[in-house]
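Colleague: Could you take me through one part of this model slowly? I would like a close look at the aromatic pairs, with each term explained as you go.

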Amino acid sequence: MALTRKPAAPMGWAMGKPIGKIAGSALTTRQFVLLFSAMLVTATGNTALQSVMPSIGRSLGIADVWIGVAFTSSALAWVIFAPIWARQSDHRGRKTLILLGLVGFVVSTLLCGIVLLGGLRGVMGAGVTMVAFALVRMLYGIFGCATPAGTQAYLAAKTRRGARTTALSNLSASFGLGTVIGPALAPLFVLPFLGLTGPLFMFALAGMLVFAAVWLQLPDDRDRLRRAKAAAMAFPAASPTGASVRAATSEGKATLRWSDSRIRDWIVSGAITNNALAALLTVVGFHTIDRLALDPVGAEQQVGLVLMAGAAATLVAQWGLIPRFGWGPRTLVLLGSAIALAGTLAVMVAGSLMGLVLAYGLACLGFGLTRPGFTAGASLAVPLTEQGAVAGLTTSVNGFAFVFAPTLGLALYGFAPSAPFLLCAGLLGATLLLYRGRL
């Protein structure tokens, strides 16, 4: 089937009317919306946390670098467990993985809110607060990574190759939309009793609602796997050559390593660009506070505005540019890296709120191209039977970016404010030089 270019179609609307099927896919509109919502709520909650953590850290009186360290444990757990859960999806079903990740998100977010609230109210010291925060945040890294791995594998297994880049791009756009909603709503949820931790409790509640919707409405693909196995067993004397039979009997062979020559360049390019994004995302809130000489309490509004601009630019890239121009994975990675490089340097020199908004928006426009680019490139490089495994690897790459980059970025920022931006620019430049002729 030819690639359709209807940007609104993946969300289930065309010319203002609901449609029943996603172009090039066996997914219905409702099923796609459920997958999208599962990704959206976790992205929204995480970005809301990113928008308030600079203010919380400054209010607790701890060094900026310890905020990055607190996130490291969760990111490391994400890297380790994402491939494990993704491999399990081929046996236990993708829906099970999505639900597991939502549970991890809800529990971790609630506990993070409780711990940080206790620290801000003086129930425990700043050091104890950050250690406890790192521990409960690790629950999200262990279990929360199952949601993106499960949703990507669920979509890929039901989408034709010709439509998969656009479909994955629109699913990835849930992160962009979440990063708009998170910073926009976070200041509204800074409530009188809960203070800066209010957004965490509100988004945990949203996670519970999405869990219920997915549990009740999304078809369980374990039945499809069992039927495929039964079909294979029903022809013992025949020569099983059909694709469905091969897929049903090859689940145990879907082990994939990042060094596999088919996907290695996609995975490495994704790791480089995502590390640059993670460092920039972690530093930009502190940079905004310092550049504009803001008081920590109340700065979440300006920080949120900058983050919203970046998120809106990500949506422009993933919902506007990619469907309109139909760029392939190689173009997305290289063009996106070049745009992100220019935006990162612009953030470094911006001296006003408007300047920071425009510069960060430009950077995120580029990153909005690179993430679906390397994800789609890796997915298209392997057959259907390895979609669960490749989904785990790409999800792991996204988590790996937050293992070292936030801590290193904040450490460099404490040493010299321009250092993390130069590091990010260097990583993006390296992507252009290394992969211009290889992807």
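**A close look at the aromatic pairs**

Modeller: Happy to! His287 makes a good warm-up for the word "buried": His287 is buried because its relative accessible area is 4%, where buried means under 20%, exposed over 50% and partly exposed in between, using a 1.4 Å probe and protein chains only. Please keep in mind that this is a predicted model, where local features need pLDDT of at least 70 and side-chain atom pairs count only at pLDDT 80 or more, while totals for chains, interfaces and linings use all residues. Residues are numbered from 1 along each chain as its sequence is written, and side-chain values use heavy atoms, leaving out hydrogens and water.

Now to the rings. Searching the whole structure gives eight aromatic pairs; rings of Phe, Tyr and Trp (its six-membered ring) pair if their centres lie within 6.5 Å, and planes under 30 degrees apart count as stacked, over 60 as edge-to-face and the rest as tilted. One of them joins Phe32 and Phe36, a tilted pair at 6.1 Å centre to centre with 35° between the planes. Both residues lie in helix α1 (residues 29-60), four residues apart, about one turn of the helix; helices here are DSSP runs of H or I, at least four residues, numbered from the N terminus. Phe32 is buried, at 1% relative accessible area, and Phe36 is buried too, at 3%.

Trp78 and Tyr140 form another tilted pair, with 5.4 Å between centres and 50° between planes. This pair links distant parts of the chain, 62 residues apart: Trp78 is in helix α2 (residues 65-92) and Tyr140 in helix α4 (residues 126-144). Both Trp78 and Tyr140 are buried, and ring pairs link them with Phe105 into a cluster.

Notes. Helix = DSSP H or I, 4+ residues; strand = E, 2+ residues; numbered from the N terminus.
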